[in-house]
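Reader: I should like to understand how the terms used for a protein model follow from its values. May we take them one at a time?

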Amino acid sequence: MTSLDDSTDVRPRVTIRCQDNASIGVTFCDRFSFDADSVHYAVELEAPGLTARVNEVVAWSWDRDLAPFLEGLAADYRGWDGERSWQTNDRDLALSAVFRSGGKVGLTWTLHPWPKAAGRWGASVTTWLEAGEQMASLASDIRQFLAGEQQ
């Protein structure tokens, strides 16, 4: 399940909850931009015993965007073989997707801030969504979030 929530805060946020376990989630929040070439935002992962956050993920206007990747997954609601993956140019946010029988998509969200620095860390959670409408809703919510559009 996904939600684009902008009712309680000036800044919008998108939260993705695992259909199989609602205590597992991913939140996109704190979006800002310095110029027309990039969008900066935070990503938070949560699961029982885990809380992780990267404060400044960057989406560049010339880079592969997350929204088209999610839209492609939603369009293939009948399924696919193997794993599909996406990552930011800085490699601090990565997403892999698998399709399983019953029309479910497993999205594994991975944070790896400071990929070349000493003391780096990584964290991942997997959310399961329905392949059709839930994936389409997520893609739409992420597109609106990255564009800074309000509902």
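Reader: Which residues touch the most other members of the largest nonpolar core?

Author: In this predicted model, the largest nonpolar core has 41 residues, and F28, Y41, L66, L70, L107 and W109 touch the most other members. F28 has contacts with P12, R13, V14, I16, Y41, A42, V43, L66, L93, W109, I142 and F145, leaving aside residues up to four places away in sequence. As a general matter, nonpolar side chains in soluble globular proteins tend to be buried together.

Reader: What makes H40 count as buried?

Author: The relative accessibility of H40 is 6%. Buried means under 20%, so H40 counts as buried. H40 is part of strand β4, residues 38-47. Its contacts, not counting residues up to four places away in sequence, are D30, R31, F32, S33, F34, E56, V57 and V58.

Reader: Why is the pair formed by the side chains of H40 and E56 called a polar contact?

Author: The two side chains make this contact at 2.9 Å. A polar contact requires a pair of N or O atoms within 3.5 Å, one able to donate a hydrogen and the other to accept it. The value of 2.9 Å for H40 and E56 therefore satisfies the distance limit.

Reader: Is F99 buried or partly exposed, and how do you know?

Author: F99 has a relative accessibility of 22%. The term partly exposed applies between 20% and 50%, so F99 counts as partly exposed. F99 belongs to strand β7, residues 93-100. Apart from residues up to four places away in sequence, F99 touches Y77, R78, G79, W80, K104, V105 and A131. F99 and L129 are 30 residues apart in sequence, and their C-alpha atoms are 9.9 Å apart in space.

Reader: Why do Q134 and S137 receive opposite words, buried or partly exposed?

Author: Both are found in helix α2. Q134 has a relative accessible area of 16%, which is under 20% and therefore buried. S137 has 27%, which lies between 20% and 50%, so S137 is partly exposed. The side chain of Q134 also reaches the backbone nitrogen of E130 at 2.8 Å. S137 and A74 are 63 residues apart in sequence, with 8.7 Å between their C-alpha atoms.

Reader: How do you know that the span of helix α2 agrees with what is expected?

Author: Helix α2 comprises 15 residues, 133-147, and at 1.5 Å a residue it should span 21 Å. The expected span takes one less than the number of residues. The end C-alpha atoms are 21 Å apart, so the two values agree. Among the buried residues of α2 are M135, L138, A139, I142 and F145. In general, an α-helix has 3.6 residues a turn, so residues three or four places apart point the same way. Just after α2, G148 has a positive phi of about 75 degrees.

Reader: How many helices and strands does the protein chain have, and in what order do they run?

Author: There are 2 helices and 9 strands. From the N terminus, the order is β-β-β-β-β-α-β-β-β-β-α.

Reader: Which elements have the lowest and the highest mean pLDDT?

Author: The lowest, 51, belongs to strand β1, residues 2-5, and the highest, 97, to strand β8, residues 104-111. The protein chain averages 88, and 89% of the residues score at least 70.

Note on methods:
Residues numbered from 1 in each chain as written. Predicted model: local features only at pLDDT ≥ 70, side-chain atom pairs only at ≥ 80, totals over all residues. Heavy atoms only, no water. Helix = DSSP H or I, 4+ residues; strand = E, 2+ residues; numbered from the N terminus. Buried < 20%, exposed > 50% of the residue type's maximum accessible area, 1.4 Å probe, protein only. pLDDT = per-residue confidence, 0-100. Contact = heavy atoms within 4.5 Å. Core = buried A, V, L, I, M, F, W, Y, C linked by side-chain atoms within 4.5 Å.
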